[in-house]
Amino acid sequence: MVEITLSKVQVALRNNLRRVLTAQFGGVVSSFKLHAQKGHRVRLEIRLARPLTPTITTDQRGAYTFLRVAFPGR
């Protein structure tokens, strides 16, 4: 499992806190879920089908920050 904590973030809709199941898509990620925490923080929990180490990067574009979590190819 991979966990990433994001600061200064809010979840706009409660529906966005539901677990997303991705196992049927054939990738290394079996599911992911956001967990709202105190102090405008959000924890992203990514469950993997097999142990892998991702590359985590952020990209600032204007007022937005994009989070990219990339896993090595097969």
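Visitor: Where in the chain does F71 lie?
Guide: This is a predicted model, in which local features need pLDDT of at least 70 and side-chain atom pairs count only at pLDDT 80 or more, whereas totals for chains, interfaces and linings use all residues. Residues are numbered from 1 along each chain as its sequence is written, and side-chain values use heavy atoms, with hydrogens and water left out. Helices (H or I, at least four residues) and strands (E, at least two) are DSSP runs, numbered from the N terminus. On that numbering, F71 is found in the segment after strand 6 (64-70).

Visitor: Is F71 buried, partly exposed or exposed?
Guide: Buried means under 20% relative accessible area and exposed over 50%, with partly exposed in between (1.4 Å probe, protein chains only). The relative accessible area of F71 is 22%, so this residue counts as partly exposed.

Visitor: By what distance are the C-alpha atoms of F71 and T53 separated?
Guide: Contact here means heavy atoms within 4.5 Å; leaving aside residues up to four places away in sequence, F71 touches V2, V28, V29, I46, L48, L52 and P54. T53 is 18 residues from F71 along the chain, and their C-alpha atoms have a separation of 6.7 Å.

Visitor: What pattern does the protein chain follow along the sequence?
Guide: The protein chain has 0 helices and 6 strands. Read along the sequence, its pattern is therefore written with strands alone: β-β-β-β-β-β.

Visitor: What is the order of the strands in the open sheet of 4 strands?
Guide: Two strands pair if DSSP finds at least two bridges between them. Strand 1 and strand 4 pair in the antiparallel sense over 6 bridges, and strand 3 and strand 4 do so over 8 bridges. The open sheet of 4 strands, with antiparallel pairing, has the order 1-4-3-2.

Visitor: Which strands stand at the edges of this sheet?
Guide: A strand at the edge has a single partner strand, so one side of it is left without a neighbour in the sheet. The strands in that position are strand 1 and strand 2.

Visitor: Which residue in strand 4 is the bridge partner of S31?
Guide: S31 belongs to strand 3 (residues 29-37). Another residue, K33, stands opposite E45 in strand 4, and S7 stands opposite R41 in strand 4. For S31, the bridge partner in strand 4 is R47.

Visitor: With which residue does the side chain of S31 make a polar contact of 3.3 Å?
Guide: S31 counts as buried because its relative accessibility is 4%. Not counting residues up to four places away in sequence, S31 touches R19, V20, L21, T22, E45, I46 and R47. A polar contact is a pair of N or O atoms within 3.5 Å; within protein, one must be able to donate a hydrogen and the other to accept it, and residues adjacent in sequence count only if both atoms are side-chain atoms. The side-chain partner of S31 at 3.3 Å is R19.

Visitor: Which strand supplies the largest share of the largest nonpolar core?
Guide: A nonpolar core is a set of buried Ala, Val, Leu, Ile, Met, Phe, Trp, Tyr and Cys residues joined through side-chain atoms within 4.5 Å. The largest one has 7 residues, namely V2, I4, V28, V29, L44, I46 and L48. Strand 1 and strand 4 each contribute at least two of these residues. The largest share, 3 residues, comes from strand 4.

Visitor: How many of the 8 residues of strand 4 are buried?
Guide: One of the residues in the core is I46, which touches M1, V2, V29, S31, F32, V69 and F71, not counting residues up to four places away in sequence. Strand 4 (41-48) is largely enclosed by the rest of the structure because its buried residues number 6.

Visitor: What is the phi of G39, in the turn between strand 3 and strand 4?
Guide: Strand 3 and strand 4 form a hairpin with 3 residues between them. H40 lies in the loop between these two strands and has a positive phi of about 55 degrees although it is not a glycine. For G39, phi is also positive, at about 75 degrees.

Visitor: Is K8 buried or exposed?
Guide: K8 lies in the loop between strand 1 (2-7) and strand 2 (20-21). Its phi is positive, about 55 degrees, although K8 is not a glycine. Most residues other than glycine have a negative phi. Because its relative accessibility is 81%, K8 counts as exposed.
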